[in-house]
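Thank you all for coming. I would like to walk through one structure with you this morning, taking the strands and helices step by step, so please have a look at the picture before I begin.

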Amino acid sequence: MTQRTAEDFISKVNSHWSSDRLKKFTAGHKYLLLPTSAPLLLKTLGIMNNDATISADAMRKFIQVNHLIAQFRPFLEDLNERQKIVNILDAGCGSSVLSFVLAWCYENMWKHPSYMVGIDSNVKLIEKNIKNFNDLKIKGEMNFAQSAISDFDWKTFSKDEKGRLHAVIALHACDTATDDAISLGIREKADFIAVAPCCQAELASYWKKDGTAMKDHALTPLFHNPHLRREMAAHTTDMIRVLVLRGHGYEVTTTEFTMSHATPKNTLILAVRRGNYHKESQRELDEFLKWNGGFEISLNKKVPF
Ligand SMILES: C[S@@+](CC[C@H](N)C(=O)[O-])C[C@H]1O[C@@H](n2cnc3c(N)ncnc32)[C@H](O)[C@@H]1O
């Protein structure tokens, strides 16, 4: 985009997004990022249209990212105080809307150096992210690579040998890709891990395959009910993830991260590292797995205590 086209677009945005329209858009919320704060970024990421409008779908994504950044903010600001440069991995980054917005926050709001790495198994998305990064001329450092999360090795991306990975985020990384992101964060002793799980199918498939054959287990009626089996397995999977993280010394909270009507995949697991392990949580996990008929998920095997 030439300087002239960029200036024309920004003035279009400023006249479209009048204070009345912005007020209606924010509806009383204090969003960190407004349509007028970073128009070129939003246009490049496909959130804002050429005529400065934002479609309903893109609006949901935009609000979702705003909510996420607001929830990450205290943890990232804490890292900013302690680290000269904050290293963040966006695992299963897709179009990397979240990491581009985070890079924008680091450059314009927190004014702190960051190094953002986005990985995804889809090479087309990685190529698009690299192009967007070059077009946007972002000052902060970003790197994108095609990789399965389970194959990712931080050492080959870290800029200096001592540069630890400080934060791992994974937004709607499909099924066990979320477990790969959690186990990567635990192994790298990341200070902060944030995942919004989706399509948790692993445990539901074990319940279907082996659970339905169990005769006297209290959960057998549930194993036989397809819809409730899927729903309950999703929550049970997330509870196991919480206990594994706690057992590895993380303080964990779970919450909804955006308006409940915006997405059915609305759970956010936030984990902050406080130590190496927590015995009581390990015991709780054992009890929980017993209740669950002994069914484990791949995360248990990846990061045993
Ligand atoms: C639903 S999209 C979410 C993308 C992005 N995080 C977002 O919220 O917009 C899931 C992404 O995870 C990627 N993915 C799924 N499994 C993966 C794996 N095991 N390793 C790397 N990427 C994976 C997919 O290619 C896809 O781009």
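Let me begin in the sheet, where strand β2 and strand β3 run parallel to each other and are joined by six bridges; please keep in mind throughout that this is a predicted model. If you want one pair of residues to look for, take tyrosine 115, which stands opposite glutamate 141 in β3. To get from β2 to β3 the chain passes through helix α6, residues 123-136, and this β-α-β crossover is right-handed.

Now stay with β2 for a moment, which covers residues 114-120. How many of the residues of β2 are buried? Seven of the seven are, so the strand is largely enclosed by the rest of the structure. We can also see this face by face, since Ser114, Met116, Gly118 and Asp120 are buried on one side of β2, while Tyr115, Val117 and Ile119 are buried on the other.

β2 has another partner, because... well, let me simply say that β1 and β2 are also paired, in the parallel sense, over six bridges. Here the pair to look for is valine 86, which stands opposite serine 114 in β2. The path from β1 to β2 leads through helix α5, and this β-α-β crossover is right-handed as well.

That brings me to α5 itself, which runs over residues 97-109. What should its length be, if we count 1.5 Å a residue? Its 13 residues should span 18 Å, and the C-alpha atoms at its two ends are 17 Å apart, which agrees. Of these 13 residues, 10 are buried, so α5 is largely enclosed by the rest of the structure. Among the buried ones are Val97, Phe100, Trp104 and Tyr106. After the helix comes lysine 111, whose phi is positive, near 45°.

It is instructive to set helix α1, residues 3-16, beside this. At 1.5 Å a residue its 14 residues should span 20 Å, and its end C-alpha atoms are indeed 20 Å apart, so the expectation and the model agree. Yet α1 is hardly covered, with one buried residue among its 14.

Let me go back to β3, residues 141-146, where we find alanine 145. Is alanine 145 buried, exposed or partly exposed? It has 16 C-beta neighbours inside 10 Å, which is why it counts as partly exposed. If we leave aside residues up to four places away in sequence, alanine 145 touches Ile119 and Ile126. Alanine 145 and asparagine 122 are 23 residues apart in sequence, and their C-alpha atoms are 9.4 Å apart in space.

On we go to β4, which has eight residues, six of them buried, so that this strand too is largely enclosed by the rest of the structure. Strand β1, residues 86-91, pairs with β4 in the parallel sense over three bridges, and the partner of leucine 89 in β4 is valine 168. β4 also runs parallel to β5, with six bridges joining the two, and there isoleucine 169 stands opposite alanine 194. Together, β4, α7 and β5 make a right-handed β-α-β unit.

The picture changes when we follow the strands further, for β5, residues 192-198, is joined by four bridges to β7, residues 267-273, and these two run antiparallel. Phenylalanine 192 has valine 272 as its bridge partner in β7. Strand β6, residues 250-256, is likewise antiparallel to β7, with seven bridges between them, and threonine 253 stands opposite leucine 270 in β7.

I have kept the ligand for the end. Which residues come nearest to the ligand? Of the 17 residues around it, these are Gly92, Gly94, Ser121, Leu171 and Ala177. Both β4, residues 167-174, and α7, residues 177-187, supply at least two residues of the shell around the ligand, and it is β4 that gives the most, with four residues. As for the character of that shell, its residues divide into nine nonpolar, six polar and two charged.

So, if you take one element away with you, let it be β4, which is paired with β1, is paired with β5 and gives the most residues to the shell around the ligand. Thank you.

Conventions:
Residues are numbered from 1 along each chain as its sequence is written. This is a predicted model: local features need pLDDT of at least 70, side-chain atom pairs count only at pLDDT 80 or more; totals for chains, interfaces and linings use all residues. A residue is near a molecule or strand if its C-beta atom, placed from the backbone, lies within 6 Å of it. Ala, Val, Leu, Ile, Met, Phe, Trp, Tyr, Cys and Pro count as nonpolar, Asp, Glu, Lys and Arg as charged, and the others, Gly among them, as polar. The expected span of a helix is 1.5 Å times one less than its number of residues. A residue is buried if 20 or more other C-beta atoms lie within 10 Å of its own, exposed if 12 or fewer, and partly exposed in between; C-beta atoms are placed from the backbone. Two strands pair if DSSP finds at least two bridges between them. Two residues are in contact if their C-beta atoms, placed from the backbone, lie within 7 Å. A crossover is right-handed if, with the strands pointing away from the viewer, the path from the first strand over the helix to the second runs clockwise.
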